[in-house]
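Thanks, everyone. I'll keep this short and walk through one model.

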Amino acid sequence: MATELYGWPWTKAAIATRMRRARLSNEGSLPRHDYTVPWTVHNEHSHDETVIQLRALGRRLRGLPLTPRTEKRLDAWLQRLDLRNQVVHYSPVDGWKYVDRDTVPEHYLHPDPRVPILPPEAKHLELAKRRAEAVKADTVKSSRRLAALQDVEESQRAG
């Protein structure tokens with residue numbers, strides 16, 4: 001039926017994978033970490049230690065078993081974040097970053113305090129920072145232009 005609908009041959013494995021991804025099948029479903037990893041992560045950032053720990057946290061929060069080594073590493077990572085008072089932020093351009101929790105307004109943080117992330121909705125913080133830098137750069141350029149104009153006016157008055 002899929003071949004007739006879409007015009008190319010589909011294997012049973014491809015159909016089963018699509019069904020698992022669409023959550024139409026519980027059998028062997030692929031783990032989803034939307035709760036702790038709400039970003040679309042680029043391939044070059046998908047094996048970083050940060051995302052590995054966030055996926056492990058997602059498994060823990062869902063009550064899935066973790067190996068003793070993974071438990072120990074996750075506990076150490078969470079403790080390190082807590083001691084440094086940091087949350088995780090992801091940017092497709094810059095990758096994984098740790099942000100000081102105190103610099104982030106409380107309503108931008110993940111609603112679950114067990115999840116130390118700055119969700120994608122807070123990306124406007126990064127945009128605001130870039131805009132502020134652009135405004136600062138424009139102000140510097142404007143002040144240089146103004147100084148140049150004043151120099152020209154003074155030289156015209158003097159000359």
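Start just past α4, at asparagine 85: its phi is positive, about 55°. Keep in mind that this is a predicted model.

Now step back into α4 itself. The helix has 17 residues, and at 1.5 Å a residue it should span 24 Å. Its end C-alpha atoms are 24 Å apart, which agrees.

Which residues of α4 are buried? Leu74, Trp77 and Leu81 are. They cover an arc of only 65° around the axis, so they sit on the same side of α4. Turn to the other side, and Pro68, Arg69, Lys72, Gln79, Asp82 and Leu83 are exposed. What covers the buried residues? The cover includes α3, β1 and β2.

That brings me to the cores. In soluble globular proteins, nonpolar side chains tend to be buried together. Here the largest nonpolar core has 16 residues. Those with the most contacts inside it are Val37, Trp39, Leu54, Val88 and Trp96. Three elements give two or more residues each: α3, α4 and β1. The largest share, four residues, comes from α3. There is also a second, separate core of five residues, and Val87, Val104, Leu109 and Leu118 are among them.

Next, the aromatics. The whole structure holds three aromatic pairs. Take tryptophan 39 with tyrosine 90: the centres are 6.1 Å apart, the planes 55°, and the pair is tilted. Tryptophan 39 lies in the loop between α2 and α3, and tyrosine 90 lies in strand β1, so this pair ties together parts 51 residues apart in sequence. Both tryptophan 39 and tyrosine 90 are buried.

Then tryptophan 39 with tryptophan 96. This pair is edge-to-face, at 5.3 Å centre to centre and 85° between the planes. Tryptophan 96 belongs to strand β2, so here the parts tied together are 57 residues apart in sequence.

Why does tryptophan 39 count as buried? Because its relative accessibility is 10%, and the cut-off for buried is under 20%. Tryptophan 96, at 12%, counts as buried too.

Put these together: Trp39, Tyr90 and Trp96 form one aromatic cluster.

Last, what does tryptophan 96 touch, leaving out residues up to four places away in sequence? From the loop and α3 side of the talk, Trp39 and Leu54 are on the list, and so are Val88 and Tyr90. Polar partners also appear, including His45, Asp48, Thr50 and His89.

That's my tour. Questions, please.

Terms used
Residues are numbered from 1 along each chain as its sequence is written. This is a predicted model: local features need pLDDT of at least 70, side-chain atom pairs count only at pLDDT 80 or more; totals for chains, interfaces and linings use all residues. Side-chain values use heavy atoms; hydrogens and water are left out. Rings of Phe, Tyr and Trp (its six-membered ring) pair if their centres lie within 6.5 Å; planes under 30 degrees apart count as stacked, over 60 as edge-to-face and the rest as tilted. Buried means under 20% relative accessible area, exposed over 50%, partly exposed in between (1.4 Å probe, protein chains only). A nonpolar core is a set of buried Ala, Val, Leu, Ile, Met, Phe, Trp, Tyr and Cys residues joined through side-chain atoms within 4.5 Å. Contact means heavy atoms within 4.5 Å. The expected span of a helix is 1.5 Å times one less than its number of residues. The arc is that of the directions from the helix axis to the C-beta atoms.
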